[in-house]
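Visitor: I would like to learn how to read a helix and a sheet in a model. Where do we begin?

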Amino acid sequence: MSNPVIHKIGILTGGGDCPGLNAVIRAAVKAAILQHGWKVMGIEDGFEGLLVHGKVRPLLFDHVKDILDRGGTILGSSNRANPF
C-alpha cells in the first residue's frame, strides 16, 4: 500500500490561549508551504471551527508575517466545543 500524498493541512488551537501559539502557527505555515508545498487552512475557534460553517480559511504568508509579537492566537481558541 502506498503512502497518500498530502496536499492540504489544517491548523487549529484548542484549550485556550497561551503565549507562543502565534509563533507555532507561523512556523507551521511557513514550513508547510516552503518545505512541502502544502496548502494550509486555519480553523478558527478550536474544534468549534470544525463544526460550524464558515470558520475555516486559507492561511498564507501574508496572514502570518507580523504575528510574533501578538498574544494569544490569530485563529482563536475554545475549550468548550467537543467534536465528538
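Visitor: How many bridges join β1 to β2, and do the two run parallel or antiparallel?

Guide: This is a predicted model. Five bridges join β1 to β2, and the two strands run parallel. One bridge pair is K8 with its partner K39 in β2.

Visitor: What is the strand order in the sheet?

Guide: The three strands form an open sheet ordered β1-β2-β3, with mixed pairing. Its edge strands are β1 and β3 (56–58), each of which pairs on one side only. From one strand to the next, the twist averages 30 degrees.

Visitor: Where does α1 lie relative to the strands?

Guide: Helix α1 lies across β1 and β2 and runs at about 180 degrees to β1. The helix covers residues 21–36 and reaches 21 Å from its first C-alpha to its last, close to the 22 Å expected. Just after α1, G37 takes a positive phi of about 75 degrees.

Visitor: Why do the buried residues of α1 line one face of the helix?

Guide: The general idea comes from the helical repeat. An α-helix has 3.6 residues a turn, so residues three or four places apart point the same way. Here the buried residues, under 20% relative accessible area, are L21, N22, I25, V29 and A32. Seen down the axis of α1, they fall within an arc of 105 degrees, so they line one face.

Visitor: What covers that buried side, and which exposed residues are on the face turned away?

Guide: The cover includes β1 (8–12), β2 (39–43) and α3 (61–64). The face turned away from the buried side carries the exposed residues V24, L34 and Q35.

Terms used:
Residues numbered from 1 in each chain as written. Predicted model: local features only at pLDDT ≥ 70, side-chain atom pairs only at ≥ 80, totals over all residues. Heavy atoms only, no water. Helix = DSSP H or I, 4+ residues; strand = E, 2+ residues; numbered from the N terminus. Expected span 1.5 Å × (residues − 1). Buried < 20%, exposed > 50% of the residue type's maximum accessible area, 1.4 Å probe, protein only. Arc of directions from axis to C-beta. Contact = heavy atoms within 4.5 Å. Pairing = 2+ DSSP bridges. Axes fitted to C-alpha atoms, helices over the stretch in contact; angles between N-to-C directions.
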